[in-house]
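Thanks for coming. I will show one structure and then go through a few parts of it, helix by helix.

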Amino acid sequence: MDEKITSKVDDTSSFIENVKKPWVKMRDVYYERLKLYDMQWGGLDISDCVVATAPLGGPVAIALGDEKRKFDSVAQQAALKNKVRIHNSAGKFVSEIRWPYKGLIGMGWTSTEHLVVVIAEGKENVFLYDMYGECVSSFGIRDCPLVADVSIWSTGLVVRAAGTEPEYFALQNFSRPRFARLQPPPVPFKPSAMVPIPPDQSPSRSLQVLLASPGGSIYVISQGEPQEIVGTTRDERRFSEPILRMALSPSGVFLATVNAIGTLRVVMADFSTTILEFITRHTKPPLDLAWCGDESVLLYWEKILVMVGPLGEYVAFKYGDTSPRSLRLQTEIDGCRVVTDKKCEIIRRIPKATIDCFLHKGRHPAHLALSASIAYHNADIKADKFIRELKAPPKNEEGKAKSGKRNAMSESAVNTYGAARLKDAVLTCLEAALHTWSPSAQKVLLQAASYAKLFYDDTTGSLPAGGDMGSVPLRDDYVERCKWVRTLHAVRSKTVGYPLTFSQFEHLGLEVLVDRLVQRREHLLALKICDLTNLPQSKQNVLIHWACAKIANGIGETNTRALGEEIIRKLKICPGISFGKIASTAFKSGLKELATMVLEKEPRSADQVKLLLSMEQEERALLKAIESRDSDLINFVLLHLLQTRLPGGDAGKNPAGEEEKELQAGFFDILRRYPIVRSHLVAYYEGFTIDGINSSGRMALRALKRVFYELKMEQEAAKVKVVESYIRPEWKGRIDMLEIAEGLFKADPYAAIATKAQVRLLQIQRKCEMDYKKGFIDRSLNTTLEKLIRLGHTDRANRIRREFAVPDKRWWHIQVRGLSQEQDWGGLYSLATSRRSPPIGFVPFIESCVEMEAVTEAAKYISKLSTSNEKMEWFCSLSLYGEAAEVAHTDRNVEALRYISQRAKSKPSVKARIDEMLRELAR
């Protein structure tokens, strides 16, 4: 990473040989051992330390084990005693955790780069820390008083409890710390190796844990019944010797094991087939066992690292310059990271794009493009030759271009073929540049891609006619991949210490990479990457995190206004960004003035209001809600005020102290000054069901009464009194409430008169109940009069009618309804004939009789109707066809008679009489 970046290459062959120097070959596969960094931790000896390395280029955590050991120096003792240190992959110090606990069992990293630390015992013995030593969460393991062993993976962990009959507990999600008990093997033993298979990689799609037993078999335990594996099923190879080391491949497909006699065996993770058996000829078990991607296995003994391929080929790497036992292996998805006390390296398989560029020697378009570019920059005429060869049509067995009628290619086909090879060359060079670690080699490869792109027709955003290489223009591919190269080059620098390969970058994605840079507090770099790759949402997240970190670091500063102005000025580059989280951080840090200042810039009213409420600035929150004209937001603030200033919502209770009185006075003052809030409050309370049973309704009524009285809103208070009177079960209380309401209706004479009349009606009803022992209270005036008529007290009803000035027509309707309901047909007829023409006419008499199914009585009043048509209609509706026919005959209405005759088909005798009338009129 420190090499001088240059693109001047004198010769293609020498350049390729220089690139291939760190490559090693195992059969037909090439690997490279690449030095990433010299460690910056000042000669720290990690030989006897517990070391946890995060995958995907993550940080390294170091802690001392509990065994006593001699320190190499006073500085070494000061660096590690009672601490967990966190460094990046370049060995640069990041943070340290003061560690007062004893009994460290193990450490590991989650998929979100949180450090997991497990100790032997305690109420809480699992701790999660971020990269800067802040405790994210901690919890204990129920029913596990003492932990003997732990195995951690990206989302969970498995622990073995200490004891003669050990138990096993599994946690599958750190965000929901719930431990499940696993079924142990039938015969207790201390496993020599324990490997979990996460649910997403397990054949059964549930968590499985592999335990190596002293007898050589492997037990597969889960929440179901344990299973003993003594060998592979298809080729029937038994595990004869005890297994000392096990490692699962990154994909979860393969399992590598090393037994007591030094044999490396690779099997399918479902134990169906043996892939490889390799005799290491080492009597001691390896200190570490890890996978290099999914293709090979690494075994580490003191100062030697052996890589074994899938067909038994191997390569040995010597580490003579490192301290014994100071090498740690971390499996990656595309290789293996090697961390020692001196340096950080990666061993990985050479990607196909790199092979195509550097090994095919003219057979691959990318190699021709690379050769052409180098020749062009050296002013060599061979550049034109390479380009023409790159675009040339395929050759036959004699090496000549195909010709003849049968094999001849059309000009368009030749152009299409050449365009496809050009695009293949450009994309392959770009991918090789992404995979390449050397900046100088990257620059040469990018120049090759740029040079080849000049000969590609991309003016229309696609291939020339006849080709189909995708809809994305090549120039866009080129620009995007150049941005990725810049991004990878920036994060790999020694100052950042994030050795991310392109395969790992693809696995993470740009958004996750930005998030991880933010976790490392590399805000400026993360912001530049967001601008370069057009990630607006991630850019907002970066700026918000930066501002929160700035505030946290600025606690204790006196000039908070300058800090706020700096934050606002920086965040102006991102319009529409939310200031809510920043203001919340400032408030929690005790910087209230800064929080208020920043919150003024928050564009979202809802976030602004919620945070102001959390800052106990209720009136300001209410003003913001009113300004937003959002009814839901106003109601939200109003409910908050009710809960904080009228506790329990029971405004009828007296406040307990002066403080509560002051809070309630402030609340009512707000209602006086803001009518819109008052309207929302009234609407809120009116939404309750108000009756004598519903407690919430009674509470709402008390609250409304208190509000109206406090605000001197007499009209509204009177209405509440009227409602309250009708949920009073006793008669006297109702009268009193209504009399109070009458006094409050000063500004509304009509309401006052109506209330007074209601009081008088209640008094009359009470007297009637006492006189007649019948229920009258809660009836309307009309039904009260009707009931008196039905009871035969028409005179008393008439007096009450005159007192309340009931109109004459309504009084007649009440009498008709009362007499008909009582079936007093004589009284009803007397009423009808008491005047020459009743003021309501005879139709109400008819309708009342029909309602009581008194057809004969109804006929008396039908005959008194003024028009013949009305008479006929009513007679027909009651099936009195004979009477209707008599009316029609009297009027000599032939059409009416014919209509009645049709209706009277069900009555033959009546129909015959009607037909006789028709014949008579026809003469």
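Which residues are buried in helix α29, residues 825-833? They are Trp825, Leu828, Leu831 and Ala832. Around the helix axis they cover an arc of only 120°, which puts them on the same side of α29. The general background is that an α-helix has 3.6 residues a turn, so residues three or four places apart point the same way. The cover over the buried residues of α29 includes α28 (808-821), α30 (843-851) and α31 (855-862).

Before I go on, please keep in mind that this is a predicted model.

Now the chain as a whole. It has 923 residues, and 48% of them are buried. It contains 35 helices and 29 strands. Taking the contacts with a separation of 6 or more, 52% are between residues 24 or more positions apart.

A second helix with a buried face is α18, residues 618-628. Here the buried residues are Glu618, Ala621, Leu622, Lys624 and Ala625. Looking down the axis of α18, we find them within an arc of 160°, so they line one face of the helix. After α18 comes Arg629, which has a positive phi, near 60°.

Next, the cores. In soluble globular proteins, nonpolar side chains tend to be buried together. The largest nonpolar core in this model has 108 residues, and the members that touch the most others are Phe15, Phe358, Leu517 and Ile582. Which helix gives the most to this core? That is α7, residues 411-435, with nine residues. There is also a second, separate core of 50 residues, and among its members are Ile800, Phe804, Val816 and Ile900.

Let me go back to Leu517 for a moment. Setting aside neighbours within four places in sequence, Leu517 has contacts with Val491, Val496, Tyr498, Glu522, Leu525, Ala526 and Ile529.

Now two helix pairs. The first is α13, residues 536-553, with α14, residues 560-571. At what angle do they pack? The angle is about 170°, and the axes are 11 Å apart. That makes α13 roughly antiparallel to α14. On the α13 side, the contact is made by Leu543, Trp546, Ala547, Lys550 and Ile551. On the α14 side, the residues are Leu563, Glu566, Ile567, Lys570 and Leu571. By type, the residues of this contact are seven nonpolar, three charged and no polar.

The other pair is α4, residues 365-377, and α8, residues 439-453. Their axes cross at roughly 95° and come within 8 Å. An angle from 65 to 115 degrees counts as roughly perpendicular, and α4 and α8 are therefore roughly perpendicular to each other. From α4, the residues that meet α8 are Ala369, Leu370, Ala372, Ser373, Ile374, Tyr376 and His377. They meet Val444, Leu445, Gln447, Ala448, Tyr451 and Ala452 of α8. This contact divides into 10 nonpolar residues, three polar and no charged.

Last, a single residue, Lys83, which lies in strand β5, residues 83-87. Is Lys83 buried or exposed? Its relative accessible area is 12%, and because buried means under 20%, Lys83 counts as buried. Tyr101 is 18 residues from Lys83 along the chain, and the C-alpha atoms of the two are separated by 9.6 Å.

That is the end of the tour. I will take questions now.

Methods
Residues numbered from 1 in each chain as written. Predicted model: local features only at pLDDT ≥ 70, side-chain atom pairs only at ≥ 80, totals over all residues. Heavy atoms only, no water. Buried < 20%, exposed > 50% of the residue type's maximum accessible area, 1.4 Å probe, protein only. Helix = DSSP H or I, 4+ residues; strand = E, 2+ residues; numbered from the N terminus. Arc of directions from axis to C-beta. Core = buried A, V, L, I, M, F, W, Y, C linked by side-chain atoms within 4.5 Å. Contact = heavy atoms within 4.5 Å. Axes fitted to C-alpha atoms, helices over the stretch in contact; angles between N-to-C directions. Parallel < 35°, antiparallel > 145°, perpendicular 65-115°, else oblique. Nonpolar A, V, L, I, M, F, W, Y, C, P; charged D, E, K, R; others polar.
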